[in-house]
Amino acid sequence: MALRDQVLKAFPFLFEQAGFVFVGPEGDDDEVIVIAESADLRLRFIQDRADFFLDVGSSKNPQKWIGSYDLLDEMKSKGLVCETYKYSNRIGSVSSILRKTLPAIREYLA
Amino acid sequence: MTARLPLRLLLALLFAAACCMTGAFASHGAENSELLGFDAARGGAGAAKTELTVIGHLKPPTGPGYVEVAESMGANYLKPSASWNPQKQGDFIKSVIQRGDDVLIGTPIRPGDSVLRHEIKQLIKAGYVPAEQGSKLLIKTAP
């Protein structure tokens, strides 16, 4: 399954509720990086061999990315995230964590 | 041994600097893939003399991915491929170990379990150690 389709399936809340759309031309089945954007946030999904990584950025600064766990650690150290999470690089786990923390991430990067 | 470590590190750094300055090892793709029997690649025309392999993430949050780093240095790397599987990955690292390549961790390491961490574990198990404390260059010490 193409990465774009995997993301749509695993992160439906982004596209159905949170206003995200994919950015850039649709790639082929070998596509390993896709980017989705909302008015305030950009998300970069990366399929790196067996791993699935998520980078987060602000729409104001589209060239700057931070790893999702680095961002969550930073927010946690400031008391802005209370959810517990493990560093899992599987798409289902990443989706579950993002679903819980998206409002806080939006507020933090706004 | 203690004299060997700084010398190898110095040679690797000098090689990298020379490649960056001269551009002598611009990207030439994966001409050696068939010879190696899997999707491995070398970054440049002088690759036959190269004894450096770069591993890392495909796309770290900041900076270039391992492919770009390897190609800029004329080093060996595993070419990303849709046909990737753990067996090919393991075979690639085994070939690196058999040749005794120095191995550069070319990107920051993302948190959590990953293919990159498995590669590093495989190298450490085979006797690889950092060239010096905190170094991203791993060298083989065991026979």
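Start by selecting Tyr128(B) and Lys140(B): Lys140(B), in β6(B), is the bridge partner of Tyr128(B). Strands here are DSSP E runs of at least two residues, helices are H or I runs of at least four, and both are numbered from the N terminus. Two strands pair if DSSP finds at least two bridges between them.

This is a predicted model, where local features need pLDDT of at least 70, side-chain atom pairs count only at pLDDT 80 or more, and totals for chains, interfaces and linings use all residues. Residues are numbered from 1 along each chain as its sequence is written, and chains are lettered from A in the order in which they are written.

**Stop 1: the hairpin in chain B**

Show β5 (residues 128–130) of chain B together with β6(B). Three bridges pair them in the antiparallel sense. Six residues lie between the strands of this hairpin. Pick Gly134(B) there: its phi is positive, near 85 degrees.

**Stop 2: across to β4 and β2**

Add β4 (residues 102–105) of chain B. It runs antiparallel to β6 (residues 137–140) of chain B, and two bridges join them. Click Leu104(B), whose bridge partner in β6(B) is Leu137(B).

Now add β2(B). It pairs with β4(B) in the parallel sense, over four bridges. One pair to label is Ile55(B) with its partner Ile105(B) in β4(B).

Turn on side chains for β2 (residues 52–55) of chain B. In a regular strand the side chains alternate between the two faces of the sheet. Leu52(B) and Val54(B) point one way, Thr53(B) and Ile55(B) the other way. Which of these are buried or exposed? All are buried. Buried means 20 or more other C-beta atoms within 10 Å of the residue's own; 12 or fewer is exposed, and in between is partly exposed, with C-beta atoms placed from the backbone.

**Stop 3: chain B as a whole**

Color chain B by secondary structure. It has five helices and six strands. Along the sequence the pattern reads α-α-β-β-α-β-α-β-α-β-β. Of its 143 residues, 36% count as buried. Take contacts between residues at least 6 apart in sequence: 60% join residues at least 24 apart. A contact means C-beta atoms, placed from the backbone, within 7 Å.

Switch to coloring by pLDDT, the predictor's confidence in each residue, from 0 to 100. The mean for chain B is 76, and 64% of its residues reach 70 or more. Over residues 44–48 of chain B the pLDDT is below 50, yet this stretch has 11 contacts in the model beyond near neighbours in sequence. Residues 1–5 of chain B also stay under 50, with three contacts beyond four places in sequence.

**Stop 4: the interface and the core**

Show both chains. The model scores ipTM 0.90 and pTM 0.80. How many residues of chain B are in contact with chain A? There are 16, and they touch 18 residues of chain A. The chain B side has eight nonpolar, five polar and three charged residues. Here Ala, Val, Leu, Ile, Met, Phe, Trp, Tyr, Cys and Pro count as nonpolar, Asp, Glu, Lys and Arg as charged, and the others, Gly among them, as polar.

Next, select Val54(B), Tyr66(B) and Ala70(B). They have the most contacts inside the largest nonpolar core, which has 48 residues. Such a core is a set of buried Ala, Val, Leu, Ile, Met, Phe, Trp, Tyr and Cys residues joined through C-beta atoms within 7 Å. Its largest share, six residues, comes from helix α4 (residues 91–109) of chain A.

**Stop 5: chain A and its sheet**

Isolate chain A. It has four helices and five strands, in the pattern α-α-β-β-β-β-β-α-α. Its C-alpha trace spans about 40 × 30 × 25 Å along the principal axes. Of its 110 residues, 34% count as buried.

Five strands form an open antiparallel sheet in the order β1-β2-β3-β4-β5 (chain A). β1 (21–23) and β5 (66–67) of chain A stand at the edges with a single partner strand each, so one side of each has no neighbour in the sheet. Strand β2 (residues 33–37) of chain A pairs with β3(A) over five antiparallel bridges. Label Ile33(A) and its bridge partner Ile46(A) in β3(A).

**Last stop: Arg42(A)**

Center on Arg42(A), in strand β3 (residues 41–48) of chain A. Why does Arg42(A) count as buried? Because it has 22 C-beta neighbours inside 10 Å. Beyond four places in sequence, its contacts include Glu37(A), Ser58(A) and Pro62(A). Finish with a distance: the C-alpha atoms of Arg42(A) and Val56(A), 14 residues apart along the chain, are separated by 5.9 Å.

How values were computed
Contact = placed C-beta atoms within 7 Å.
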